[in-house]
Amino acid sequence: MSAILEKIPQAFWQKLPSARTTLLTSLFLLMSLSLLMIASASTPFALTKGLPPLKFFWSQMTYVAVGVLAGIIAYRVIPIRMYRDFSMIAFVYLVTAILLVLTLIIADSINGAKRWIELGPFNLQAAEIAKMMMIFVASDYMARRSDIRESLWRGWPLLCLYAPILALLVLQPDYGSLIVIAATLLVIAFIGGAKLKDYLAIFGVFGAVAVFGLWAADYRRARLLSFWDPFNDIQDTDFQLARSLIAFGRGQFSGVGYGDSVQKLAHLPEAHTDFLLAITGEELGFLGVSSVLLLELLIVISIMRISYKTLQRNQMFLSYSVFGVGTVLFGQVLINVGMNTGIMPTKGLTLPFYSFGGSSIVIALMMIGYVLKVDAESDGIHQRQENRRF
């Protein structure tokens, strides 16, 4: 990462708005557009369930408000040294593991998966907490130890910490979150100095396990086959993906108009969640989808700029953890866009800051609060010559 960014002249960065300004502006615009599209996409679904037309719009507004509060707490209340404290990381790890176990025990099965714990009017998805928590676990390990730089296999203690969390996600099952968490670990290890050749064996093992997992269960095999030919069984296994592609096709360049989607009229189930981008494509066309993806990209780039700044100051834990946040968000964008457009098999992953979802938006905004905290405190840490502590 640093080798690439160091080739960019400093004068270029000085002419750009600050990473903080770009991040907050892009985030505000993206969430504003999200609320507009959720209001449009969820209305038919709410009416069919006998709910108020704007039920999901107001729910998302509530989630955003809670998320902003969580972000403020992460930014203003929690001291930055607590993020680096090993005992705190271990405590949150234990709590997350317990929540994942409770999910398997008490959560209702929805579409064959147990992922949400009901807390009155809210649902808690522990996998979202796991995404954030495992970033700190990997970053702490990479900042304290250098054995992974010699061989990726020498990082087995870190793998022992990841294995229980990944196993619990398999049991739900939540393969989308599993992929994001595992990929984030590999990316953090790579920027920390792990050798590229070590990844070849890992990809081989993961590839073999993935093939076995796909063909061991009929529903996963059907999902894979529908990905290859989305219009082969449009009334059954190919239903969601085919409808999503039809929505993009109807939208063309400028869309059919806000509120005029046909696919949200019970054709694409719960269109305000994982397939909100498809409804955006139908109503706002290529222009609308491009705007969403541009804003997502600006958010990720801004986060990476903050990570690079801390890397230059040798604040390794802060750099790894902020980079991990960017990786998680980018991974979810990649998977969600891929499944909406037929590039990847469908997975239950939201588009960050855009799709409807309580836990996802709250945890994502909390991670943004942490990133902004790092951006605000990094210079002071450098001035106090405490870089090596962080």
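Start with helix H10, where Gly176, Ser177, Leu178, Val180, Ile181, Ala182, Thr184, Leu185, Leu186, Ile188 and Ala189 are buried. "Buried" here means under 20% relative accessible area, with exposed being over 50% and partly exposed in between (1.4 Å probe, protein chains only). This is a predicted model, so local features need pLDDT of at least 70 and side-chain atom pairs count only at pLDDT 80 or more, while totals for chains, interfaces and linings use all residues. Residues are numbered from 1 along each chain as its sequence is written, and side-chain values use heavy atoms, leaving out hydrogens and water.

**The whole chain**

- The protein chain has 16 helices and two strands. Helices (H or I, at least four residues) and strands (E, at least two) are DSSP runs, numbered from the N terminus.
- Of the chain's 390 residues, 51% count as buried.
- Take the contacts between residues at least 6 apart in sequence: 72% of them join residues at least 24 apart. A contact means heavy atoms within 4.5 Å.

**Helix H10 and its surroundings**

- H10 covers residues 175–191, and its 17 residues should span 24 Å at 1.5 Å a residue; the end C-alpha atoms are 24 Å apart, which agrees. The expected span is 1.5 Å times one less than the number of residues.
- Ahead of H10, proline 173 sits in the loop between helix H9 (156–171) and H10. The peptide bond leading from glutamine 172 to proline 173 is cis, with omega near -10 degrees.
- Just after H10 comes glycine 193, with a positive phi of about 115 degrees.

**Helix H4**

- H4 (residues 55–77) has 23 residues and reaches 32 Å from its first C-alpha to its last, close to the 33 Å expected.
- Its buried residues include Phe56, Phe57, Tyr63, Gly67 and Ala74.
- What covers the buried residues of H4? The cover includes helix H3 (19–48), helix H5 (80–84), strand E2 (122–124) and H16.

**H14 against H16**

- Two packed helices are described by the angle between their axes and the distance between the axes.
- H14 (residues 276–312) packs on H16 (residues 358–383) at an angle of about 35 degrees, with the axes 10 Å apart. The axes are lines fitted to C-alpha atoms, for helices over the stretch in contact, and angles run from 0 to 180 degrees between N-to-C directions.
- The two helices make a left-handed crossing. That label applies if the near helix is turned anticlockwise from the far one by less than a right angle; clockwise would be right-handed.
- On the H14 side, Ile303, Ile306, Lys309 and Thr310 meet Ile368, Val371, Val374, Asp375 and Ser378 of H16. The residues of this contact divide into five nonpolar, two polar and two charged. Ala, Val, Leu, Ile, Met, Phe, Trp, Tyr, Cys and Pro count as nonpolar, Asp, Glu, Lys and Arg as charged, and the others, Gly among them, as polar.

**A look along H16**

- H16 is mostly covered, with 19 of its 26 residues buried.
- Glutamate 377 is the centre of a kink of about 40 degrees in H16. The bend at a residue is the angle between axes fitted to the seven residues ending there and the seven starting there.
- How far apart are the end C-alpha atoms of H16? They are 39 Å apart, which agrees with the 38 Å that its 26 residues should span.
- Just after H16, glutamine 385 takes a positive phi of about 60 degrees.

**Two residues of H15**

- Tyrosine 320 belongs to helix H15 (residues 316–341). It counts as buried because its relative accessible area is 3%.
- Tyrosine 320 and aspartate 140 are 180 residues apart along the chain, yet their C-alpha atoms are separated by 8.5 Å.
- Leaving aside neighbours within four places in sequence, tyrosine 320 is in contact with residues including Ser139, Arg149, Ile188 and Gly192.
- Valine 328 is in H15 too, and is buried at 2% relative accessibility.
- Beyond neighbours within four places in sequence, valine 328 is in contact with Lys131, Ile135, Val180, Thr184 and Met367. Valine 187 is 141 residues from valine 328 in sequence but 10.0 Å away in space, C-alpha to C-alpha.

**Two loop residues with positive phi**

- Asparagine 314, in the loop between H14 and H15, has a phi near 65 degrees, a positive value in a residue other than glycine.
- Phenylalanine 353, in the loop between H15 and H16, has a positive phi of about 65 degrees although it is not a glycine.
- Are these residues buried or partly exposed? Asparagine 314 is partly exposed, at 36% relative accessible area, whereas phenylalanine 353 counts as buried at 4% relative accessibility.
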